[in-house]
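Colleague: I've got a model open and I'd like some help reading it. Could you walk me through a few features, one at a time?

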Amino acid sequence: MSDSTFKAPLVLAVDDDVVTLQLAKDMLTDEGFEVITAVDGDSALRLFNQASAESRPFDVVLLDVEMPGLDGYQVCERIRDLPNGRIIPIIMISGREDLEAAKRAYTVGATDFSSKPTNWLVLAQRLNYALRASAAFNELKRNQQRLADAQSATKLRYWEYDIEARRLYFLTPTGSLDALQKGQPQTIEALIELTHPADRSALEAFARTLTTRVSPISSSVEYRVLDNKGGEPSRVLLAQGRVDFSNQVYGSAPKKIIGVIQDITDIRHNEERIQRLAHYDELTGLHNRDSFKEKLEVALELNKAPQSKLAVFHLDLDNFKRINASFGHHIGDKVICSLVERLSNRLRLSELTEQGFGPRSTARFGGDEFMLMLTCDKEDPKLYASRVAEQIKEGLSTAFYIPVDEMAGSKKNLEIFVSTSIGIAIYPDDGQDALSLLKNADTALHNAKSSGKNQHQFYNNAMSATGKARLDFETELRQAIEQNQLELYYQPQVLASSAELVGVEALVRWNHPERGLVSPAEFIPLAEESGLILPMSDWIMNEACRQTKAWCNSDLKPFMVSINLSGMQFRQSGFRQSVQKIFQQTGVNPDFIGLELTESVIMGDPENTIATLHSLKELGVKLSIDDFGTGYSSLSYLQKFPLDTLKIDRSFIMDIGEDNDNTAITEAIIAMGHSLGLQIIAEGVETQTQLDFLRERSCEVIQGFFFSKPLPASE
């Protein structure tokens, strides 16, 4: 240590004799100490506390015994009671040389005792020795604490076994065995009593091996400890030990075994969880994709006989992405769990074995996809497979009632209907290995979905060509987004009273280089199913805002441009920031932008929807519910949404005047919207009769072919 950083040891010298004090200060200062003096016990305690508070505590105390008021013994006791006084060296000095004075000094906690008259040079050396001893002791305490912290972190404890006394000692508490406390000897038999019965023989063998050894080779054993309350395994321990030959007379038998014991419960639990995650779906507990493939390969190996048949089912829930988009993934997860429970319990798939099926396995491939494998060596496997498929579809035909938080403190059951499409491949006709069967079952599934959903289909060779065409179509759509083949058309929205243009709705079209304009009915479902809806939605938002800015810069009178939001897009984290960024990049005025969401999307997660809608309103946009009347609504929530417009779905408008129910619904929507202070837009207006009806009911804005079909921006 350099001279610039060295600090002299700080001494508190206490004596009622001021001459002695001054002499002590002069002599000890010459020996390299810094000395502060006190003439009585109260002053000494005050100085001691003050130094501790100022973060420059004393290193040693030199304390006279005979003083008026508090004597040296009392001062020593009080210093020892202070947090910073427990380990500080205290040297007491007395004019009495009797043994009783020294005994009492050590009894009250003195580190050393000296008699007067004082030899200051010798005392200085005793002070140095006390400081070195104190530093060594403090370092030992720190090392002990480090060791204790390391043991605690690794859950490691030391133990010894006295071979002659047959007693086991845990040098620190085990942390896992409440019955085995620090320093209390136990027998091996007592330890075995706390061990799981299945592990007792291993623990006995461990003990027997060590106690009969004549060499220091180590041994180890892993065992489970019982919960004293319920008799169930609570912890997993790893014990390691070896015979101790140290301090042993040559030729004599060893006297003890030493070792460590470690709590490895968390390690084993984590290993089990990793193993479980590697083979099972965490949400449902079903096999996962890899595990199912392994089981399928085993089943194929066991069913190589010519008459053996095996059916592989690939299930996919129809339109399940809309459930996630409308109600949130937490609701989607609840539907998945309810579905699995229904398949397991209500459909009693286990009874299929009694109907001629052999080994079976069910797996979740992720999301809303499931696999089912059934082996059969009786009759036509297609008949059995068809029966199972019908059972599955019938079991899903009734509604799922999912509890959701509605208002504060109340719950409501959300009624959700789910159907499934099923593709089936039969071994060996449709493939003789696992990969082929899985691929062909998937092909049959996509064919079932494209044929109308809620049905099952068996694989045939013709489907491969259809599946390839679908894959090609998806690839082309991906390229269309990347290569700017998409185009926005705009359908005018006019005032019902005057036909004045007040807005347009942006509608996406695909201008295919070979097929020409592709209908949204063909590519929007594919975009939603494949996930391409997100990059497509981003492109639509950017392009619509760019066009709006161009119109605002022209001579046209400003009007609203409405943009449809997909549920997946709306529920993305950071969606509000994405919209704001697009506004900034395009320079558009948000006052002329309207954002439209379907009724089912905004009701999917009402509380979060309210927060998101308010954050969008802060940007200055107008908000609208599209296709109102076709989804699930709660009027108690509807009035909380910061909406500007309700759009009546075209399905109600088309039969106005002919269908009494649709007429009544349209009138009710208009009246309700006006009562909430919302503007009403009617979609799909195609006749004068419809226009007259809507005008009479004070519907403000009309959209439909009666005025104009969707047009490119240039038109």
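**Reading a helix, a residue and two cavities**

Modeller: Sure, and keep in mind that this is a predicted model. Let's begin with helix 24, residues 688–696, where Gln-690, Leu-691, Phe-693 and Leu-694 are buried.

Colleague: Why do the buried residues of helix 24 line one face of the helix?

Modeller: The general idea first: an α-helix has 3.6 residues a turn, so residues three or four places apart point the same way. Now the case here: looking down the axis of helix 24, you find its buried residues within an arc of 165°, so one face of the helix is lined by them.

Colleague: Which exposed residues are on the face of helix 24 turned away from its buried side?

Modeller: Thr-689 and Glu-696. On the buried side, the cover includes helix 22 (650–653), helix 23 (660–675), strand 25 (679–682) and strand 26 (701–702). After helix 24 comes Ser-698, with a positive phi near 65°.

Colleague: Let's try a single residue. Is Thr-548 buried or exposed?

Modeller: The cut-off for buried is under 20% relative accessible area. Thr-548 has 2%, so it counts as buried. You'll find Thr-548 in helix 16, residues 533–552.

Colleague: What is Thr-548 in contact with, leaving aside its neighbours within four places in sequence?

Modeller: Val-561, Val-588, Phe-592 and Ile-593.

Colleague: On to the empty space. How many cavities of 30 Å³ or more does a search of the whole structure find?

Modeller: Five. The largest cavity holds about 170 Å³ of space. Its lining has 15 residues, with Trp-159, Leu-168, Ile-188, Leu-191 and Phe-206 nearest the centre. Two or more lining residues come from each of strand 6 (156–162), strand 7 (167–170), helix 6 (188–193), helix 7 (200–211) and strand 10 (256–263).

Colleague: Which element gives the largest share of that lining?

Modeller: Helix 7, with five residues. Sorting the lining of the largest cavity by class gives 14 nonpolar residues, one polar and no charged ones.

Colleague: And what is the volume of the second largest cavity?

Modeller: About 90 Å³. The residues that line the second largest cavity include Asp-15, Asp-64 and Lys-116, along with Leu-21, Ile-93 and Trp-120. By class, that lining has eight nonpolar residues, one polar and three charged.

Colleague: Which elements each supply at least two residues of the lining of the second largest cavity?

Modeller: Strand 1 (10–14), helix 1 (18–30) and strand 3 (60–64).

Notes:
Residues numbered from 1 in each chain as written. Predicted model: local features only at pLDDT ≥ 70, side-chain atom pairs only at ≥ 80, totals over all residues. Heavy atoms only, no water. 1 Å grid on protein atoms, 1.4 Å probe; cavity = no way out; pocket = protein on both sides within 12 Å on 5 of 7 lines; lining within 4 Å. Points joined across faces, edges and corners; volume = space filled by probe spheres on them. Helix = DSSP H or I, 4+ residues; strand = E, 2+ residues; numbered from the N terminus. Nonpolar A, V, L, I, M, F, W, Y, C, P; charged D, E, K, R; others polar. Buried < 20%, exposed > 50% of the residue type's maximum accessible area, 1.4 Å probe, protein only. Arc of directions from axis to C-beta. Contact = heavy atoms within 4.5 Å.
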